[in-house]
Amino acid sequence: MARVEHSRNYLWPGVTAESLRMWREFVRGPYRNLWREYEGGGCGVWECCGNPFEAREFPDAVMRGMSRRRARELRLLVGRLDDAY
């Protein structure tokens, strides 16, 4: 993951962990059905007030850059969260 995060200009180090945390909190949160994007955009800090649906796209980008064998574990983790959603 780290190699992919460092090698793509649209990713940054740690984005996979940050996005999985955000997606996990959203999926497991009691108000997930009420979530909507605020018109004001929140505080503007992605890690704080980021869009959970945007966060869900980052693991896909990382998995596309990984070998199939190495992406399998990440795909399983993300799949479980998707199923819970």
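Asp82 is partly exposed, with a relative accessible area of 28%. The model examined here is a predicted one. In this model, the side chain of Asp82 meets that of Arg56 in a salt bridge, with N and O 2.7 Å apart. Arg56 belongs to helix α4 and Asp82 to helix α5, so the pair ties together parts that lie 26 residues apart in sequence. Side chains of opposite charge can pair when their charged atoms come close.

Arg56 has a second partner. Asp60 also forms a salt bridge with Arg56, and here the closest N and O atoms are 3.0 Å apart. Both residues of this pair lie in helix α4. They are 4 residues apart, about one turn of the helix. An α-helix has 3.6 residues a turn, so residues three or four places apart point the same way. Arg56, Asp60 and Asp82 are thus linked in a network of salt bridges.

Exposure varies within this network. Arg56 has a relative accessible area of 16%. The cut-off for a buried residue is under 20%, so Arg56 counts as buried. Asp60, at 27%, is partly exposed. Asp82, at 28%, is also partly exposed.

A further salt bridge is found in helix α2. The side chains of Arg21 and Glu25 meet there, with an N to O distance of 3.2 Å. Both residues lie in α2, 4 residues apart, or about one turn of the helix. Arg21 is partly exposed, and its relative accessible area is 29%. The count of salt bridges in the model comes to 3.

Helix α5, which carries Asp82, was then examined along its length. This helix covers residues 68-84 and has 17 residues. From its first C-alpha to its last, α5 reaches 24 Å. That span is close to the 24 Å expected at 1.5 Å a residue. The helix nevertheless bends, by about 25 degrees, at Leu74.

Leu74 is also one of the buried residues of α5. The others named are Ala71, Val78 and Leu81. What covers the buried residues of α5 includes two helices, α2 (15-28) and α4 (52-65). Helix α4 is therefore linked to α5 in two ways: α4 is part of the cover over the buried residues of α5, and Arg56 of α4 pairs with Asp82 of α5. Helix α2 is also part of that cover, and α2 holds the pair Arg21 and Glu25.

Definitions and conventions:
Residues numbered from 1 in each chain as written. Predicted model: local features only at pLDDT ≥ 70, side-chain atom pairs only at ≥ 80, totals over all residues. Heavy atoms only, no water. Expected span 1.5 Å × (residues − 1). Bend = angle between axes of the 7 residues up to and from the residue. Buried < 20%, exposed > 50% of the residue type's maximum accessible area, 1.4 Å probe, protein only. Contact = heavy atoms within 4.5 Å. Salt bridge = Lys/Arg side-chain N within 4 Å of Asp/Glu carboxyl O.
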